[in-house]
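Reader: I'd like to go through this one with you, pocket and all. Can we take a look at it together?

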Amino acid sequence: MTHAMLKGSNIPLETTAIRAVLRWTPGTDVPDVDASALLLAGDDRVRSDEDFVFYNQPRHPSGLVRHLPKKRMPEGLTDTIEAELSGLEAGVRRVVLAASADGGPFGRVRDLSLLLYDASAAADADPIAIFEVQPETGAETALICGELYRREDSWKFRALGQGYETGLVGLATEYGISVDDGEGAGAASGREEPADATEPPSAPAAPPSAASPAPPPSSPTPSQAETQALPPQAPAPGTGYGYPPPHPQPHPQGPTPDPWDPQRMTPAAAQGDGYGYVPPQPTSPPPPPPGYQQAPPQQPYAPQPSYAYPQPPAYGYPQQVQPTGAVPPPPPLPAPVPDPNFTLPPQGPQFQNR
């Protein structure tokens, strides 16, 4: 039988192996929820930081209280705490079941509920109790959903729903967990930040010393608008791109004759007719030196047939042999004379004895 719990109500537990399951409906803007447990002594405080079982410390040193990984069920996401109450030390009077929200307050968490199961029963057994946790203001980031407490030699469960706007840090501090600014950041959120999540702060820039001279200001680069506003620069005389004219270099054999010299122009070119350019006249080659003998001219190469074989016809056509002179015809052969004694042999057995 499942007990529907109300805030402040309690029920006795017939088993000491308890599985407490937090369940909620996930969403895009829904914070993540983490379950945790605090083992409290008679003064309602933890005996040491090891009595705090949560995401970053999932197992109590005794092994009797454990935090299990999250699961995705058809009804929603779950986060679970298991406890074997019968084996706990007598100094542990209460086990507080808490929840913390990561990424927003509990006002944005939908369908949050706490379900108690008999951990020794079958996995598909019905829960012992179910408590729908409703935050009071909606701004809480940590909640005490319920507690397991001793009553003489037995254990009971009480539904609470007490909230804290200071998050898991305020909840842990109230029950005696030592949380400092440097080492308690992981305990405050229920999560452990990776070592490389934060970068070391960069060293502040040293102020310039009065004795050291200030660096000269760099010349500003003119922008495109300023460049367009500048007046156009006129090219240097003799060039079309603003470069100075090249310095003339003397020719090693004297000045180079100018083909556009007016003295070399034809009369028609001097008067403006035509292009006015007269190409240099060809000169005769220099005489050969004494004792030079000119090589005889080479004869053009003519292919000769090898081994007196006729050459193959070009392009596959037979070559016509042209007669070079009158050739007498060959003498006629004598006519054959039949032999008078020649007889035909027998033509077959059918012609025998006839």
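Author: One convention before we start: Ala, Val, Leu, Ile, Met, Phe, Trp, Tyr, Cys and Pro count as nonpolar, Asp, Glu, Lys and Arg as charged, and the others, Gly among them, as polar. This is a predicted model, where local features need pLDDT of at least 70, side-chain atom pairs count only at pLDDT 80 or more, and totals for chains, interfaces and linings use all residues. Residues are numbered from 1 along each chain as its sequence is written, and side-chain values use heavy atoms, with hydrogens and water left out.

Reader: How many helices and strands are in the protein chain?

Author: Both kinds are DSSP runs numbered from the N terminus, with helices being H or I over at least four residues and strands E over at least two. On that basis the protein chain has four helices and twelve strands.

Reader: Which strands each supply at least two residues of the lining of the largest pocket?

Author: A pocket here is an open set of points on a 1 Å grid over the protein atoms alone, where a 1.4 Å probe fits, with protein on both sides within 12 Å along at least five of seven lines; lining residues have an atom within 4 Å of a point. The largest one holds about 360 Å³ of space. Of its 13 lining residues, R19, V21, M73, T78 and Y117 are the closest to the centre. The strands you want are β3 (17-25), β6 (65-73), β7 (76-84) and β9 (110-118).

Reader: What is the split of that lining into nonpolar, polar and charged residues?

Author: Using the classes from the start, the lining of the largest pocket comes out as seven nonpolar, two polar and four charged.

Reader: Is D79 buried or exposed?

Author: D79 sits in strand β7. It touches, among others, A20, V21, L22, W24 and H67, leaving out residues up to four places away in sequence; contact means heavy atoms within 4.5 Å. Buried means under 20% relative accessible area and exposed over 50%, with a 1.4 Å probe and protein chains only. D79 has 0% relative accessibility, so it counts as buried.

Reader: Which residue's backbone nitrogen lies 2.8 Å from a polar atom of the D79 side chain?

Author: D79 also touches V33, D34 and A35, among others. The backbone nitrogen at 2.8 Å from its side chain belongs to A35.

Reader: And how far apart in space are L115 and F131, C-alpha to C-alpha?

Author: L115 lies in strand β9, and at 3% relative accessibility it counts as buried. Its contacts beyond four places in sequence include R19, V21 and I130. L115 and F131 are 16 residues apart in sequence, and their C-alpha separation in space is 6.4 Å.

Terms used:
Grid points are joined across faces, edges and corners, and a volume is the space filled by probe spheres set on the points. A polar contact is a pair of N or O atoms within 3.5 Å; within protein, one must be able to donate a hydrogen and the other to accept it, and residues adjacent in sequence count only if both atoms are side-chain atoms.
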